[in-house]
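Please look over the sequence and the structure shown here before reading the report that accompanies them.

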Amino acid sequence: MPRKVNYGLDYDDGYDDYDDYDDYEDYANANDYGVKEKDLFPFPEVTEKPSWNDRSTIKVEKKTTKLALWQCSVCNSDNEQSSSSCDICGVLRDPAQNIGNGSAENVSANNTGKKAIAKFSATNEMAENSSGIISGANQLNGSESGNANIKSDAPQILASDLHQMKLDKASTNFRKAKPLAEYKPEKWMLANQDGILNQLNLAVVGHVDSGKSTLSGQLLHLLGRVSKKEMHKFEKEAKEKGKGSFAFAWATDESAEERERGITMTVAVAYFDSKKYRVVLLDSPGHKDFVPNMISGATQADAAVLVVDASIGSFEAGMDGNGFGQTKEHAQLIRSFGVEQVIVAVNKMDTVGFSKERFEFIKSQLGNFLRSCGFKESQITWIPLSAMENENLVTSATDARLSSWYEGSCLLEAVDSLQLPVRDASKPLLLPICDVIKSHSLGQVAACGKIETGAIKNGSRVLVMPLREVATVRSIERDSCPCSVARAGDNVAVSLQGIDGVHVTPGGVLCHPDYPVTVASRLELKILVLDIMGPILVGSKFEFHIHHAKEAARLVKIVSLVDQKTGEAAKKTPRFLTAKQSAIIEVALDRAVCAEEFSKHRALGRAFLRASGCTVGVGIVSKVFSDES
Ligand code: GTP
Ligand code: MG
């Protein structure tokens with residue numbers, strides 16, 4: 001049965017091989033991204049951090065104003081005395097403003113109209129599973145999920161203090177990292193294990209209800225990973241609950257809430273074998289509220305299946321450019337995770353009579369967008385199918401309405417034609433922790449995730465970051481089967497000993513004791529601003545995502561714009577950023593995270609910024625202001 005991932009995330013390819021920024025004009029042309037001047041609304045410049053449960057009032061500092069001019073309290077632009085609103089951002093002039101006295105003052109601004117991005121918190125929930133193991137579940141509280149609970153203020157502050165105390169302790173353990181050039185991998189790290197299929201981490205992503213879980217469940221069933229008996233049980237129970245059409249989806253949608261609501265909420269990890277690969281299937285949530293969970297799980301992907309719903313109106317909804325179309329947001333995100341190969345599964349073809357015209361229409365519309373995101377034409381495979389009716393999944397189409405015009409591969413063949421990305425086992429170990437499984441009864445803790453670089457074996461010593469605790473690898477599991485060695489690219493559960501379980505957290509990183517990952521709370525990013533409605537100002541708050549870590553962040557500096565043709569920093573330093581601009585910025589995080597410069601380590605150097613439930617920027621870490629230097 002699949003394992004559920006409850007927390008984590010990661011990010012894309014740099015701007016060097018992420019052609020998106022080179023093809024920026026295509027990007028703009030392919031989309032209805034136009035931002036009208038009148039639609040611009042400013043994020044307030046925050047000078048005082050609001051408490052977790054009181055975000056209704058924030059302090060906005062007014063800067064010194066010049067005589068005969070009034071200065072906008074939000075974007076700081078100077079305006080004529082005669083203007084009643086700011087010429088730049090349109091914000092109304094504050095009648096209480098003390099014009100021209102040259103003094104700064106604090107006023108309160110009501111911010112209830114805008115969702116604070118930091119409305120999330122992670123808690124570890126424990127639940128005994130059938131085998132007596134306790135699964136650590138990190139859930140978003142009060143994020144964009146309408147049903148989530150917002151935690152009270154006090155525990156938040158305590159948790160934050162505790163984290164800080166742990167980091168303080170960690171800094172006393174600080175040992176300088178050895179120069180990378182000194183690292184020599186051992187022989188066992190590089191050798192291939194005979195007869196074992198390579199793991200391919202395959203994310204299944206796409207707009208809500210496009211059929212990702214049905215497709216995943218049907219595949220697992222057809223390939224023998226979900227037995228006939230189990231399938232029969234799902235069918236019976238789903239029918240009884242009036243959710244008959246979700247029977248296949250129940251194979252990966254395991255929780256009562258997911259089944260009740262008929263939506264996936266957290267990423268499910270399942271396995272199947274193709275001819276060439278041991279596939280790690282990451283069935284992601286499509287609902288807008290659960291994009292952070294999608295980021296957390298799907299960031300491990302080597303390749304992706306982007307599922308689109310061919311039915312009339314549904315494909316169009318997924319392509320909606322106003323923040324509701326997850327086909328676009330997911331495509332942009334997976335490209336930003338560094339995924340280069342994508343299979344577009346044009347699902348529910350049964351609802352359009354397996355129409356070739358509809359398939360071609362979808363191909364041309366979505367193809368434009370994918371190319372504008374930086375996917376190369378040769379790396380996109382288009383498959384018309386019906387997950388529900390088992391058409392074109394593991395064997396060629398049998399329905400004459402499809403086989404009469406489609407002669408290409410079925411989905412499973414397309415998976416086998418994907419290329420394995422280069423794995424780097426010759427570098428020191430880095431395993432970003434996606435999920436943590438704890439067993440209270442056995443006092444054990446296991447860190448789950450994909451090994452990005454290096455290798456481990458039973459008995460290896462590892463450093464658990466960011467808290468700098470050393471532990472020993474007790475055992476390793478791939479797809480619930482014990483193995484003695486795991487290398488870069490493997491998705492594993494690593495059971496640790498000699499460490500207190502509280503020190504192993506999702507968003508942390510297992511690394512080689514002599515080559516610790518950098519820990520930082522201030523980062524310089526090179527970002528592409530996505531399709532946002534209002535400008536981003538210094539002081540704007542975000543939800544910052546990097547590999548499986550997420551943290552509240554604030555824009556502290558716009559360093560410069562980036563010339564999208566050359567990728568070089570432009571001379572111009574704007575006061576705010578708008579849609580489709582590329583810029584170098586500095587962000588301050590509420591708490592330190594493990595991060596690396598993209599040029600040093602790609603998987604740990606990709607970052608995403610989200611605000612008000614939407615991804616507002618994707619980018620790379622260009623500089624780390626290490627907390628240890
Ligand atoms: P989220 O995870 O919540 O984003 O949804 P999802 O993409 O996983 O969709 P899911 O598999 O839960 O299916 C949503 C609905 O689409 C269900 O009612 C399915 O029965 C239906 N569905 C999925 N695939 C097909 C298909 O090939 N044809 C038809 N007609 N319906 C389908
Ligand atoms: Mg689903």
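The report below turns to the ligand and its surroundings, and after that to the salt bridges.

## The surroundings of ligand 1

This is a predicted model, and the account of its ligand starts with the protein residues around it. Ligand 1 has 21 residues around it, and those that come nearest are Lys212, Thr214, Ser245, Thr264 and Met388. By class, this shell is made up of 6 nonpolar, 11 polar and 4 charged residues. The element that gives the most to the shell is helix H4, which spans residues 212–222 and supplies 3 residues.

## Polar contacts and burial of the ligand

Two threonine side chains hold N or O atoms that face oxygen atoms of ligand 1: for Thr214 the distance is 2.5 Å, and for Thr264 the distance is 2.8 Å. The backbone takes part as well, since a polar backbone atom of Ala387 lies 3.0 Å from an oxygen atom of ligand 1. Ligand 1 would expose 650 Å² if it were taken alone, and the protein buries 91% of that area.

## Salt bridges between separate parts of the chain

Side chains of opposite charge can pair when their charged atoms come close. The structure holds 18 salt bridges, and one of them joins the side chains of Lys450 and Asp302, with 2.9 Å from N to O. Lys450 belongs to strand E16 (residues 444–450), whereas Asp302 sits in the loop between helix H7 (291–298) and strand E11 (303–309), so this pair ties together parts that lie 148 residues apart in sequence. Lys450 and Asp302 are both buried.

Another salt bridge links Glu316 with Arg358, whose closest N and O atoms are 3.0 Å apart. Because Glu316 lies in helix H8 (residues 314–318) and Arg358 in helix H10 (residues 356–373), the pair ties together parts that are 42 residues apart in sequence. Glu316 is partly exposed, with a relative accessible area of 33%, while Arg358, at 9% relative accessibility, counts as buried because the limit for that class is under 20%.

## A partly exposed pair and a network

The side chains of Glu377 and Arg371 also meet in a salt bridge, with an N to O distance of 2.6 Å. Glu377 is partly exposed, at a relative accessible area of 45%, and Arg371 is likewise partly exposed, at 30%. Elsewhere in the list of charged residues, Arg225, Asp273, Arg278 and Asp479 are joined into one network by salt bridges that share partners.

Note on methods: Residues are numbered from 1 along each chain as its sequence is written. Chains are lettered from A and ligands numbered from 1 in the order in which they are written. This is a predicted model: local features need pLDDT of at least 70, side-chain atom pairs count only at pLDDT 80 or more; totals for chains, interfaces and linings use all residues. Side-chain values use heavy atoms; hydrogens and water are left out. A residue is near a molecule or strand if one of its heavy atoms lies within 4 Å of it. A polar contact is a pair of N or O atoms within 3.5 Å; within protein, one must be able to donate a hydrogen and the other to accept it, and residues adjacent in sequence count only if both atoms are side-chain atoms. Accessible areas come from the Shrake-Rupley method with a 1.4 Å probe; for residues, only the protein chains shown count as cover. Helices (H or I, at least four residues) and strands (E, at least two) are DSSP runs, numbered from the N terminus. Ala, Val, Leu, Ile, Met, Phe, Trp, Tyr, Cys and Pro count as nonpolar, Asp, Glu, Lys and Arg as charged, and the others, Gly among them, as polar. A salt bridge is a side-chain nitrogen of Lys or Arg within 4 Å of a carboxyl oxygen of Asp or Glu. Buried means under 20% relative accessible area, exposed over 50%, partly exposed in between (1.4 Å probe, protein chains only).
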